[in-house]
Amino acid sequence: MAAKTTFEIGPAGKTAGNYTDVAMAYLQDEKTTGDIDNINLEELDLTTDEFVLDEVDIHIQANLEDDLVKEALRTGVDLRQYSKQVESELHRIEQASIKDYIKESQNIASLHNQITACDSILERMEGMLSGFQSDLSSISSEIQTLQQQSVSMNVRLKNRQAVRSHLSQLVDELVVPGAMICTILDSPVTDQEFLEQLHELNSKINFAKELSFRETLACSDIQDIVDRLKLKAVSKIREFILQKIYSFRKPMTNYQIPQNTLLKYRFFYQFLLANERTVAKEIRDEYVDTMSKIYCSYFKSYSSRLLKVQYEDVADKDDLMGVEDTAKKGFFSKPSLKSRNTIFTVGQRGAILSPAELEGPILVPHTAQRGDSRYPYETLFRSQHYALLDNGCREFLFLSDFFMVVGNSALDLFNSIMGKTLSMFLKSMSTYVSDCYDSIAVFLCIHIILRFRAITTKRDIPALNKYWEAVLEMLWPRFELILEMNIHSIRNTDPQKLGVLDTRPHYITRRYAEFSSAIVSINQTFPNERTNLLLGQLQVEVENFVLKMAAEFPSRRDQLVFLINNYDMMLSVLMERAADDSKEVEGFQQLLLARTQEFIEEILSSPFGGMIAFVKEAEALMEKGHLDRLKSEEARITQLVRGFSATWKQSVEAMSRDVMRSFTNFKNGTSIIQGALTQLIQYYHGFHKILNQPAFRSLAVRSELINLHHLMVEVKKHKPNF
């Protein structure tokens, strides 16, 4: 036999050699020798004793757990016989398997060749894949390199774009276009294109200044062109603005029109202020000088012409409240004189404080002169100061806008223009106030200023605040001085020098009433404690004066008539203008009520004094419980009852006529009559009540008493009808 193959059982009971390998080796040998029929199958011994028995026990135990073995043991099978049977069966199967291998030897050899060819192919593919993997590794490194290069290029691109943006802006700011040069050199300053190019030039000038601080070399390339354009623009702007300022000086020029034109080109001054301060100062000084002269000339002329339409007849130091009519001929003796400026009566003068009048058109002097019109001083004062307010507010706003000043700078610039005018006004006011004795005119001027000050505050224009304060500081002391002079004049009045006594209202009290009502009504809007204090002093002096005048009458009745007439007149005048709850009104109401009640008692005492005295005496005794003391007064009572019944109608009629003749105010007279008749009925009712007491019920004269209801009906017939 060409070859001998042995099989060994491994540790697990399996053959150590591989049946397939052995068969393949054997077939290869047989192909070589060509002797396949001489195979000795006995050599394929599968029962060799070379076993590894180290783990026999483990395998035996595992085999005992087999279900087939368990079944054999359970049924009592002979294991030796069964083992031989299995062994022969295995031998048979082994021989069959060998034959199958031999039968399929050609296919197995072919399979072996194919597997060998596949191995070579796979080996070549493994080489190719290894080369491809190596190529991929090199490509990955190249990709990383390219990515790094891309990031670097992207950064460089962004940096270059940023630099380009800055450089582009820098170049745009530095380049001076030809259109700008042509426009600045040739176009009129009023063209919109010139204004737009001026804005561009200003930005380039500022940019060039900024670059010069950074020492940028490119700045020197355009500096000369920019400077020459700036000088040309400054020259044209200066000429334009100065021409507008000089146009203010032409006679009859409405300077507000060129001012409005300048406001349209306010950037011109801003350009000068930023680039040529010398020229800007020149223009500002020229404007200040021109407008200062214009305002001073205008207001001086206007004020002098206004004074020509003032009332010629004005108050002087003798025109005081306590001065008698005969002291100055013609002043108070002609109250009906047409267009006369009254001293103590406000009349229609107070209308000057109404919004329509206060902010109405100013007076035109030559028109008033042609119409031969005359006005009180406060009207001229209002017109003059409203013109000042209007022009001052407009001028302050113009200065703040055009010259770009605020705060104290704006106020200083305004004062440099309006200072001469305001000083002239104050000087004129000082001259007028020093010789003025028209307290109502001064007080109206004060309230005109207070209202104008409120207007400027509302408009947020502080430019005239100091002027308003200066005028008020001038007017208030003068008003207080005139008021104190009137107080002293009333205090020093001698009633015996005032002519014939008369129970009608006195002209001094009428002066006071008109004056006080005027001041109180004007003072309500802007109350002033000093004014109220002086009015209180004036009222005390007037009350004392009325009492002194009343003392000149011999009879108490005439004294009361005089007091009631004067109190009633003063109260009526005050209530026309002052509030009903004002201190002056309340004071005179109390005085009038007290004197009226006293007068009613006075006029009832003459015809009915006996009955009134009896009623008062009896009521006093009734309160004490001593009414029996009057039982002995039967004769007196009889006389009183019969006397009243006989004369009451005539007495009431006579009393009514006397009262209506005594009082100038018809309404007041009728009120007094009604009060007197009411008081009479009350007394007669008390008389009835007393006679109904037990002490007097036995009196026969009680039957002669007039029925109280009948008396009331009859008395109503004597009440005046309105």
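Let's start with Leu90, which has its place in helix H4. Helices here are DSSP runs of H or I with at least four residues, numbered from the N terminus. At 54% relative accessibility, Leu90 counts as exposed, a word used for over 50% relative accessible area with a 1.4 Å probe and protein chains only.

This is a predicted model, in which local features need pLDDT of at least 70 and side-chain atom pairs count only at pLDDT 80 or more, while totals for chains, interfaces and linings use all residues. Residues are numbered from 1 along each chain as its sequence is written, and side-chain values use heavy atoms, leaving out hydrogens and water.

Leu90 also belongs to a nonpolar surface patch, together with Leu68, Val77, Tyr82 and Val86; the accessible area of the five adds up to about 430 Å². Helix H4 (residues 79-103) gives the largest share of this patch, three residues. Patch members have over 30% relative accessible area and no salt bridge, and nonpolar side chains are joined within 5 Å. A salt bridge would put a side-chain nitrogen of Lys or Arg within 4 Å of a carboxyl oxygen of Asp or Glu. Areas come from the Shrake-Rupley method with a 1.4 Å probe.

Now for two helix pairs:

| Helices | Axes | Angle |
|---|---|---|
| H19 (residues 529-550) and H20 (residues 556-577) | 9 Å apart | about 150 degrees |
| H21 (residues 583-624) and H22 (residues 634-662) | within 10 Å | roughly 165 degrees |

H21 is therefore roughly antiparallel to H22, and H19 and H20 are also roughly antiparallel to each other; the term covers angles over 145 degrees. H19 passes H20 in a right-handed crossing, whereas H21 passes H22 in a left-handed one.

Technical notes. Patches are made of residues with over 30% relative accessible area and no salt bridge: like charges are joined within 9 Å, nonpolar side chains (Val, Leu, Ile, Met, Phe, Trp, Tyr) within 5 Å. Helices (H or I, at least four residues) and strands (E, at least two) are DSSP runs, numbered from the N terminus. Buried means under 20% relative accessible area, exposed over 50%, partly exposed in between (1.4 Å probe, protein chains only). Axes are lines fitted to C-alpha atoms, for helices over the stretch in contact, and angles run from 0 to 180 degrees between N-to-C directions. Angles under 35 degrees count as roughly parallel, over 145 as roughly antiparallel, 65 to 115 as roughly perpendicular and the rest as oblique. A crossing is left-handed if the near helix is turned anticlockwise from the far one by less than a right angle, and right-handed if clockwise.
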